[in-house]
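Work through the exercises below with the sequence and the model at hand. Try each task before reading its solution.

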Amino acid sequence: MASSGWELAVNESGVLKGHEGAVLAVRFNGDGNYCLTCGKDRTLRLWNPHRGIHIKTYKSHGREVRDVHVTTDNAKLVSCGGDRQLFYWDVSSGRVIRKFRGHDSEVNSVKFNEYNAVVVSAGYDRSVRAFDCRSQSTEPIQIIDTFQDSVMSVHLTKTEIIAGCVDGTVRTFDIRMGRELVDQLGHPVNCISLSNDANCVLASCLDSTLRLLDRSTGELLQEYKGHKCKSYKMDCCLTNTDAHVVSGSEDGFIYFWDLVDASIVSSFRAHSSVVTSVSYHPKDVCMLTSSVDGTIKVWRK
């Protein structure tokens, strides 16, 4: 692992420009060949980040777009944001196939399940909602409303929905068993991500601390500090080897920590304002970051 320790994407290799105003999320697609971005300007954009090419813009949202996810076959997108709806898109035509309704307030996070048949969203209305992409209905097929505050982030495994909430919890819902597990972190959670082996949950909390939890036991394995995270929703993730933890910071910095001992192995100024999102390539040493400064940056080793 020591050799891979310095195989980090810390050198800027490109800038993607086109959004007007803050870029709120950047996401690699499943194979890492393309990426999607969304932001305050109410648009989604599809890019080839490796060649610095803007491919397509998707416009239909009436308010800022906060999150986007693409299916494993790259044929469909789902997006969410301030207008309370989920937009289900055809990638190639740019057409909105359906608008899913049901949230009473802004929607913060959205994901497809692995079969691309169900979309799960998390919102300010203290709920997580699931929608069936195959039916013509725009209404949710399931609502989980046991949260005490805004739900900021949602992830899916084959059998579970995992959500991070401002009430200081990470909640895991076993869809098959109809069972809920609650891990109390004691500080508002604004983002969660899964390790690549799916054994751990990384939670970004608004006390400028990232917390790593064992997914089966809920045990707190490690804490990562040094960045600033007090008021913004900021993504965190693990590198594709699971050897390092990555997060943005409200001062425009990016931090890399050693997963095991939580030491900062690299930190550098990436943007002129808050880093909203980080996305690590599934295979290569390559990372994307986005910022309130309106840019998306590509990083390599």
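A residue is called buried under 20% relative accessible area, exposed over 50% and partly exposed in between, with a 1.4 Å probe and protein chains only. The model is predicted, so local features need pLDDT of at least 70 and side-chain atom pairs count only at pLDDT 80 or more, while totals for chains, interfaces and linings use all residues. Residues are numbered from 1 along each chain as its sequence is written, and side-chain values use heavy atoms, with hydrogens and water left out.

**Exercise 1. Salt bridges between distant segments**

Task: Find the salt bridge of Lys301 and classify both partners by accessibility.

Solution. Step 1: A salt bridge is a side-chain nitrogen of Lys or Arg within 4 Å of a carboxyl oxygen of Asp or Glu. By this rule there are 17 salt bridges.

Step 2: The partner of Lys301 is Glu7, with 3.1 Å between the closest N and O atoms. The two residues are 294 apart and link distant parts of the chain: Lys301 is in the segment after β28 (296-300), and Glu7 is in the segment before β1 (11-16). Strands, like helices, are DSSP runs numbered from the N terminus (strands: E, at least two residues; helices: H or I, at least four).

Step 3: Glu7 is partly exposed because its relative accessible area is 37%. Lys301 has 58%, so it counts as exposed.

**Exercise 2. Strand β16 and its neighbours**

Task: Decide whether strand β16 is enclosed or open, and describe its pairing.

Solution. Step 1: Strand β16 covers residues 169-174, and six of its six residues are buried, so it is largely enclosed by the rest of the structure.

Step 2: In a regular strand the side chains alternate between the two faces of the sheet. In β16, Thr169, Arg171 and Phe173 point one way, Val170, Thr172 and Asp174 point the other way, and all are buried.

Step 3: Two strands pair if DSSP finds at least two bridges between them. β16 pairs in the antiparallel sense with strand β15 (residues 160-165) over five bridges, and Asp174 of β16 is the bridge partner of Glu160. With strand β17 (residues 179-184), β16 also pairs in the antiparallel sense, over six bridges; here Leu181 of β17 is the bridge partner of Thr172.

Step 4: The hairpin of β15 and β16 has three residues between the strands, and Gly168 in the turn has a positive phi of about 90°. The hairpin of β16 and β17 has four residues between the strands, and Gly178 has a positive phi near 65°.

**Exercise 3. From β15 to β20 and β21**

Task: Which residue forms a salt bridge with Glu160, and which one with Arg211?

Solution. Step 1: Glu160 meets Arg215 in a salt bridge of 2.5 Å, N to O. This pair links strand β15 to the loop between β20 and β21 (220-225), across 55 residues of chain. Glu160 is buried because its relative accessible area is 14%, while Arg215, at 24%, is partly exposed.

Step 2: Arg211 forms a salt bridge with Glu223, at 3.4 Å from N to O. Arg211 is in strand β20 and Glu223 in strand β21, twelve residues apart. Arg211 has 7% relative accessibility and therefore counts as buried; Glu223 is partly exposed at 28%.

Step 3: Thr209 is also in strand β20 (residues 209-214). Thr209 is buried, with a relative accessible area of 1%. Beyond four places in sequence, its contacts (heavy atoms within 4.5 Å) include Glu223, Tyr224 and Lys225.

**Exercise 4. A residue in a loop**

Task: Is Gln85 buried or exposed, and what does Gln85 touch?

Solution. Step 1: Gln85 is in the loop between β7 (76-81) and β8 (86-90).

Step 2: The relative accessibility of Gln85 is 17%, so Gln85 counts as buried.

Step 3: Not counting residues up to four places away in sequence, Gln85 touches His61, Ser79, Cys80, Lys99, Phe100, Arg101 and Val107.

Step 4: Asp104 is 19 residues from Gln85 along the chain, and their C-alpha atoms are separated by 9.1 Å.
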